[in-house]
Amino acid sequence: MTPGPERVTAARETLALVEALLAELRPKRRAAFVLHVLEGYSMEEVAAILSASTAAVKVRVHDARRHIERRLKQRPDAASVLVNAGGRL
Amino acid sequence: VTELRCADVEARFVDAADGRLDPADSVRFHSHIEGCAACRERAAVWLALIPGLRAAVAPAPDAMTTRRMQIEIERQVARRAAPTPARRWRAWWIPAAGLAAAAAALVLWMRAGGHAPPATPGGYAAIQTLRGAVTVGDRAPAVAARVPVGHAIVLSADAVAQLVLDSGAVVRAQGPGRLSFEGSARDVAIRLASGKLEAEVTHRGQDETFAVVTDDVRVAVRGTKFSVAVAPSGSRVEVSEGRVAVERAGGRTTLVSAGESFDSGADDSEVAPPAVVTPSAPTTSCAEITRSCQTAARAVRASMRGGDAERALRIVTDARRTSSDADGNCGGGARACEDELRYLRAEALNQAGRLDEAVAAYHALDGKGAPSAMRQNALFAVAQIEARTGRLSAAAADFERALAVAPRGALYEDALVGAMETARAAGDDARARTFATRYLGEFPRGLAAAAARRIAGDGARP
């Protein structure tokens, strides 16, 4: 079934929001965050993929998470959009 | 037990969201956040955010894309691994170092989603679908998350949670209500404190039990479909299929069969005869069926990425039972998802090493009007199995059929090479030459061109 235009628009806006958040991250942090949080790789797997130590990956994910938390605190509307997007699963 | 530091807890948010914490880790994780307000707040934020972030980005590839990526990886590895064109193609489909590397690469890729929960830690049930406000152990769960034994599942009004047990049984809880899973995977006991649940229980072993326990009754079942609702006046049991035994606190047991109901609050607590039922509109809309099917397909893919093919098969079985309600009454979206589930089932059987069943499932796809691209994928996959297991004539027939069903399909070139190589391996040189000539005509610079030239007896031509 084709989603209605409102849902398509909402999905696009949510995607744009996520992309904007990710774009603000430094490349190494972004890679670690995407692999671990979005793709679900374990920290060890991410470390193997990125040829980095597990400790380094943990730091990168931690820093990325802090950055996103700060941005979402500045934009509570964006946080609620993302939480609602999860509810549409 | 070593306590976790805040940084350790934070590093486990994703595993917690995916239900991948092992029991010991789960205890340490939750005991930390219960005593640490900052981590508790941060965990609540991220456990809510992670599903949203994932939902916003591109979904995982579907089963057919997975198959094509697998073939492409194998092709790339074969291209790099073999020094000569003639040996290059063999390395692609005969077990060899190249294929082993491809398999390793594929396993790594298939683990990419990593959302699949482990087979056993964290209880014996997993959340399949969610609607409305639901908490498990005071936390918002994610789809596919495991439900730990003893954790309270609380549903607000109008909330619905569908859970699938490791045995394949399905439990659908409707809010407002509260329940928890007790016992074990072999001796399932669901404590229903309030609300209503429907259960569909199949394939219980002789020594396995399944029971729903309320304050005043214990409903013991073996292979049936039923519901239990708890109200202030008592518990009500309705049976759709099979039969259940309702045991009351005083030890009295009443059997309730399909179409019958039982009210513990009634004066005599006797079984009511089946009500006269008039046909009514389906209670599940096509949109819900489609959404449920798509959720199941995601869960199946996640299970396969995690290497748990048997779990994937259980989810498929359950989802197809649910979607059979649609029976062609819903539109193309539901049908496409149903096709996807049938294809996923065949892939899961293949992954589980149940090759004969996989062959049958792939062949069934060819016979049931699935889209031509999917039929080509299925036929190609089944031909690979047959070639691997020495059934060369069957493999040749299926490679040729894969060519015929989708002449412009993505696997056309691969199927043509498969047909050529299989015919040659079967000793049918004339047929092998025919396919080799055809290959050279259509893919003169293709990966298998050198092998085709050799088979066609035209090796001197550049």
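Here's a quick briefing on how chain A and chain B meet, plus a couple of backbone details. Keep in mind that this is a predicted model. The two chains bury about 2,600 Å² between them, and the contact draws on 26 residues from chain B and 26 residues from chain A. Helix H4 of chain B gives the most to chain B's side, with eleven residues.

**The interface overall**

- Of the area buried between chain B and chain A, carbon and sulfur atoms give 62%.
- Glu10(B), Trp46(B) and Leu53(B) are the trio to look at here: they supply 21% of the area that chain B buries against chain A, more than any other three residues.
- There are six residue pairs in polar contact between chain B and chain A, counting pairs with both residues at pLDDT 80 or more.
- On chain B, the elements that give two or more residues to the side touching chain A are helix H2 (13-17), helix H4 (37-56) and helix H8 (286-305).
- Sorted by class, that side of chain B has 15 nonpolar, five polar and six charged residues.

**Where the two H4 helices cross**

- Helix H4 of chain A covers residues 54-74, and its axis comes within 12 Å of the axis of H4(B).
- The two axes cross at roughly 90°, so H4(A) and H4(B) count as roughly perpendicular to each other.
- From H4(A), the residues making this contact are Arg65(A), Arg66(A), Ile68(A), Glu69(A) and Leu72(A).
- H4(B) answers with Arg42(B), Trp46(B) and Leu49(B).
- That gives the helix-to-helix contact four nonpolar, no polar and four charged residues.

**Salt bridges**

- The structure holds 22 salt bridges over all chains, and three salt bridges are found across the interface of chain B and chain A.
- Arg42(B) and Glu69(A) pair up through their side chains in a salt bridge, at 2.8 Å from N to O. Both residues also take part in the contact of H4(A) with H4(B).
- Arg65(A) and Glu10(B) form a salt bridge too, with 3.5 Å from N to O.
- Arg65(A) sits in helix H4 of chain A and Glu10(B) in helix H1 (residues 6-10) of chain B, so this pair joins two chains.
- Glu10(B) turns up twice, then: in this salt bridge, and among the three residues that together supply 21% of the area chain B buries against chain A.

**Backbone details to check**

- In chain B, a cis peptide bond joins Gly175(B) and Pro176(B), with omega at about 0°.
- Pro176(B) lies in strand E6 of chain B, which runs over residues 170-183.
- In chain A, Ser51(A) has a phi near 55°, a positive value in a residue other than glycine.
- You'll find Ser51(A) in the loop between helix H3 (43-50) and H4 of chain A.

Conventions:
Residues are numbered from 1 along each chain as its sequence is written. Chains are lettered from A and ligands numbered from 1 in the order in which they are written. This is a predicted model: local features need pLDDT of at least 70, side-chain atom pairs count only at pLDDT 80 or more; totals for chains, interfaces and linings use all residues. Side-chain values use heavy atoms; hydrogens and water are left out. Contact means heavy atoms within 4.5 Å. Buried area is the accessible area (1.4 Å probe) that two parts lose on being put together, summed over both. A salt bridge is a side-chain nitrogen of Lys or Arg within 4 Å of a carboxyl oxygen of Asp or Glu. A polar contact is a pair of N or O atoms within 3.5 Å; within protein, one must be able to donate a hydrogen and the other to accept it, and residues adjacent in sequence count only if both atoms are side-chain atoms. Helices (H or I, at least four residues) and strands (E, at least two) are DSSP runs, numbered from the N terminus. Ala, Val, Leu, Ile, Met, Phe, Trp, Tyr, Cys and Pro count as nonpolar, Asp, Glu, Lys and Arg as charged, and the others, Gly among them, as polar. Axes are lines fitted to C-alpha atoms, for helices over the stretch in contact, and angles run from 0 to 180 degrees between N-to-C directions. Angles under 35 degrees count as roughly parallel, over 145 as roughly antiparallel, 65 to 115 as roughly perpendicular and the rest as oblique.
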